[in-house]
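Subject: Handing over the structure

Hello,

Here is the structure I promised to pass on. Please open it alongside this note, and then read on for what turned up.

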Amino acid sequence: MSVNGDVCCSALVRIMFVTLFHAATLLHHLVVVGFCILFIPLDNDNQFVWEAKHFYGRYFTNWNFAFQILYFTMCVVADMLDEKSKVNLKSWLEDAKNFLFTVIVFPYTWFSVTSFWTMYHVDEEYVFPQALKDLCPPWVNHGVHTNILVVMLLEVVLSPRLLVMSRMKGAVVLAISLVAYDITYLSGNILYGAYLYPFCTWFYTSEMVMILIGFNIWIMCFYILGAKFVFTSNIKPQKTRLL
């Protein structure tokens with residue numbers, strides 16, 4: 001077999017593996033969501049169980065998981081598109097995937113995993129109270145707090161991503177998304193008295209604002225590290241005009 005034939009065969013195997021990986025990851029995420037909806041009863045008088053049922057859209061974990069589902073859905077669609085007949089759509093999807101992964105998924109996932117497991121190992125009651133633990137199987141908890149990092153790191157290795165906007169613009173977009181989450185969380189706390197996480201019950205709303213700002217800085221650091229050391233820039237530097 002020629003060298004070109006070996007290269008083509010290797011490339012084909014890699015493409016097939018990446019396609020299967022994307023499909024398997026999306027299936028994993030959908031199974032976790034489906035199990036939570038269909039098989040985890042959230043009907044008891046515990047405060048945090050009640051909040052998990054009525055305020056599930058205000059958990060940062062769920063925001064991150066939703067962004068991962070969106071990203072891997074886009075990957076599966078892009079993998080299925082024909083390169084020749086859908087050039088414009090495939091190109092748009094590639095740019096959208098690069099943007100979503102580098103600006104949102106990468107820093108969100110790192111924060112979700114590191115913050116949860118750090119507090120969990122200090123005292124699991126801080127973030128995963130026993131009442132929820134009794135209802136939620138361990139594999140579901142790992143599905144939303146452990147496996148998300150594994151698949152993200154595999155995606156970094158298998159499908160290197162490009163920065164499709166400058167670091168500053170990416171930081172602005174990320175900051176807007178974080179402010180949107182902060183408003184979502186704080187509105188639940190102010191309007192309904194929802195704390196979501198047990199450790200939040202220690203603080204007044206004004207103190208939670210400061211904590212959220214600290215968390216935002218933590219997430220922004222992950223974005224900066226990814227933009228500087230992990231992802232390749234696709235932005236051409238502008239030439240300065242000499243007068």
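How much space lies in the largest pocket? About 880 Å³. Keep in mind that this is a predicted model.

**The largest pocket**

In all, 31 residues line the largest pocket. Closest to its centre are Cys36, Ala52, Tyr56, Tyr59 and Asn62. Start there if you want to find the pocket on screen.

Four helices each give at least two residues to this lining: H1 (3–39), H2 (47–54), H3 (60–80) and H6 (138–145). Which of them supplies the largest share? That is H3, with 6 residues.

The lining of the largest pocket sorts by class into 25 nonpolar, 4 polar and 2 charged residues.

**The second largest pocket**

The second largest pocket holds about 360 Å³ of space. Its lining has 16 residues, and those closest to the centre are Ile15, Val18, Asp79, Lys90 and Glu94. Keep Glu94 in mind for the section on salt bridges.

H1 and H3 turn up again here, each with at least two lining residues, and so does helix H4 (87–122). H1 gives the most to this lining, namely 5 residues.

What is the make-up of this lining by class? The second largest pocket is lined by 6 nonpolar, 3 polar and 7 charged residues.

**The cavity**

Next, the enclosed space. Rolling a probe the size of a water molecule over the atoms shows where empty space is left. The count comes to 1 cavity of 30 Å³ or more. About 270 Å³ of space lies in this cavity.

Its lining takes in 21 residues. Phe60, Phe111, Tyr181, Tyr197 and Phe215 are the closest to its centre. H3, H4, helix H8 (167–192) and helix H9 (205–230) are the elements that give two or more residues to the lining. By class, the cavity lining divides into 15 nonpolar, 5 polar and 1 charged.

**Salt bridges**

Side chains of opposite charge can pair when their charged atoms come close. How many salt bridges does the structure hold? It holds 5.

One of them joins the side chains of Arg161 and Glu94, at 3.5 Å from N to O. Arg161 sits in the loop between helix H7 (147–158) and strand S1 (162–163), while Glu94 belongs to helix H4, so the pair ties together parts that are 67 residues apart in sequence.

Are the two partners buried or exposed? Buried means under 20% relative accessible area. Arg161 has 7% relative accessibility, so Arg161 counts as buried. Glu94 has a relative accessible area of 26%, so Glu94 is partly exposed.

Arg161 has another partner. Glu155 forms a salt bridge with Arg161, with the closest N and O atoms 3.0 Å apart. Glu155 has 0% relative accessibility and so counts as buried. Salt bridges with shared partners join Glu94, Lys97, Glu155 and Arg161 into one network.

Another salt bridge links the side chains of Lys133 and Glu124, at 2.4 Å from N to O. Lys133 has a relative accessible area of 26%, so Lys133 is partly exposed. Glu124 is partly exposed too, at 25%.

**The protein as a whole**

Now step back for the full view. The secondary structure comes to 9 helices and 2 strands. From the N terminus on, the elements run α-α-α-α-α-α-α-β-α-α-β.

The C-alpha atoms fill a box of roughly 65 × 55 × 30 Å along the principal axes. The protein has 243 residues, and 41% of them count as buried.

What share of contacts between residues at least 6 apart in sequence join residues at least 24 apart? The share is 81%. The exposed area is about 14,100 Å², and carbon and sulfur atoms supply 70% of it.

**Where to look**

For a quick tour, take three stops. Go to Tyr56 and Tyr59, which are among the residues closest to the centre of the largest pocket. Move to Phe111, one of the residues closest to the centre of the cavity. Finish at Arg161, which is joined with Glu94, Lys97 and Glu155 in one salt-bridge network.

Over to you.

Best wishes

Methods: Residues are numbered from 1 along each chain as its sequence is written. This is a predicted model: local features need pLDDT of at least 70, side-chain atom pairs count only at pLDDT 80 or more; totals for chains, interfaces and linings use all residues. Side-chain values use heavy atoms; hydrogens and water are left out. On a 1 Å grid over the protein atoms alone, a cavity is a set of points where a 1.4 Å probe fits but cannot get out, and a pocket is an open set with protein on both sides within 12 Å along at least five of seven lines; lining residues have an atom within 4 Å of a point. Grid points are joined across faces, edges and corners, and a volume is the space filled by probe spheres set on the points. Ala, Val, Leu, Ile, Met, Phe, Trp, Tyr, Cys and Pro count as nonpolar, Asp, Glu, Lys and Arg as charged, and the others, Gly among them, as polar. A salt bridge is a side-chain nitrogen of Lys or Arg within 4 Å of a carboxyl oxygen of Asp or Glu. Buried means under 20% relative accessible area, exposed over 50%, partly exposed in between (1.4 Å probe, protein chains only). Contact means heavy atoms within 4.5 Å. Accessible areas come from the Shrake-Rupley method with a 1.4 Å probe; for residues, only the protein chains shown count as cover.
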